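Hi,

Here is the structure I promised to pass on to you. Please have a look at it first, and then read my notes underneath.

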Amino acid sequence: TPAEGYAVTGMTVEPNSILVAGQTSVLETRESCYLQSPVSVEGAETEVQQTVRLKSLPSSLIQLNEDGTKAADNSLSVTVTIHVEQVETDTTATDIP
């Protein structure tokens, strides 16, 4: 979790999609890819940015470059940016003479 008084307010991933080719039956079962390791925001007070590798694609899928040519390998890294902002807090005083 972020530092006390801070909260995660959003996240972006670049690139936000990858191009793959394969049998329709395999493609229809894949809607997302997963990171090999989590991105920690432990103690964060500002934006956290980390480049992380995606888990390998099944061998039946081929990763393609943006121009449609076969990528050198099926390993891809993405840049994850987690937005952390200070949370405004209100304090109510009671029993004030």
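Below is what I found, going from the strands to the core, the pockets and a few single residues.

One thing to keep in mind from the start: this is a predicted model.

Strands

A good place to begin is strand E5, which spans 77–86. E5 pairs with E1 in the antiparallel sense, over eight bridges. If you want a landmark for that pairing, look for Gly10, which stands opposite His83 in E5. E5 also pairs with E3, again antiparallel, and here there are six bridges. In this case you can use Arg53, which has Ser77 in E5 opposite it.

Core

Which elements give two or more residues to the largest nonpolar core? First, the core itself: it has 11 residues in all, namely Val39, Val41, Ala44, Val48, Val52, Leu54, Leu76, Val78, Val80, Ile82 and Val84. Strand E3 (48–53) and strand E5 are the elements that supply at least two of them. The largest share, four residues, is from E5. As a general background point, nonpolar side chains in soluble globular proteins tend to be buried together.

Ala44, one of the core residues, has some contacts you may like to display. Leaving aside residues up to four places away in sequence, Ala44 touches Pro2, Ala3, Tyr6 and Val84. Of these, Val84 is itself listed in the core.

Pockets

I expect this part will interest you. The largest pocket has a volume of about 380 Å³. It is lined by 20 residues, and those closest to the pocket centre are Asn16, Ile18, Ser32, Cys33 and Leu54. Leu54 is also a member of the largest nonpolar core. By class, the lining has 15 nonpolar, three polar and two charged residues. Strand E1 (6–14) and E5 each give at least two residues to this lining, and E5 gives the most, with three.

The second largest pocket has a volume of about 180 Å³. Its lining consists of Pro15, Ser17, Ile18, Leu19, Gln63, Leu64, Asn65, Glu66 and Leu76. Five of these residues are nonpolar, three are polar and one is charged. Ile18 appears here and is also among the residues closest to the centre of the largest pocket. Leu76, for its part, lines the second largest pocket and belongs to the largest nonpolar core.

Single residues

Where is the cis peptide bond? Look between Glu14 and Pro15, where omega is about -5 degrees. Pro15 lies in the loop between E1 and strand E2 (19–21), and Pro15 is one of the residues lining the second largest pocket.

Arg53, the landmark from the E3 and E5 pairing, sits in strand E3. Its relative accessibility is 40%, so Arg53 counts as partly exposed, the class between under 20% and over 50%. Arg53 and Gln36 are 17 residues apart in sequence, yet their C-alpha atoms are 5.8 Å apart in space.

Is Ala72 buried or exposed? Ala72 counts as exposed because its relative accessibility is 86%, where the cut-off for exposed is over 50%. Ala72 is found in the loop between strand E4 (62–64) and E5. From Ala72 to Cys33 there are 39 residues in sequence and 18 Å in space, C-alpha to C-alpha.

Happy to go through any of this with you.

Best wishes

How values were computed. Residues are numbered from 1 along each chain as its sequence is written. This is a predicted model: local features need pLDDT of at least 70, side-chain atom pairs count only at pLDDT 80 or more; totals for chains, interfaces and linings use all residues. Side-chain values use heavy atoms; hydrogens and water are left out. A nonpolar core is a set of buried Ala, Val, Leu, Ile, Met, Phe, Trp, Tyr and Cys residues joined through side-chain atoms within 4.5 Å. Buried means under 20% relative accessible area, exposed over 50%, partly exposed in between (1.4 Å probe, protein chains only). Contact means heavy atoms within 4.5 Å. On a 1 Å grid over the protein atoms alone, a cavity is a set of points where a 1.4 Å probe fits but cannot get out, and a pocket is an open set with protein on both sides within 12 Å along at least five of seven lines; lining residues have an atom within 4 Å of a point. Grid points are joined across faces, edges and corners, and a volume is the space filled by probe spheres set on the points. Ala, Val, Leu, Ile, Met, Phe, Trp, Tyr, Cys and Pro count as nonpolar, Asp, Glu, Lys and Arg as charged, and the others, Gly among them, as polar. Two strands pair if DSSP finds at least two bridges between them.
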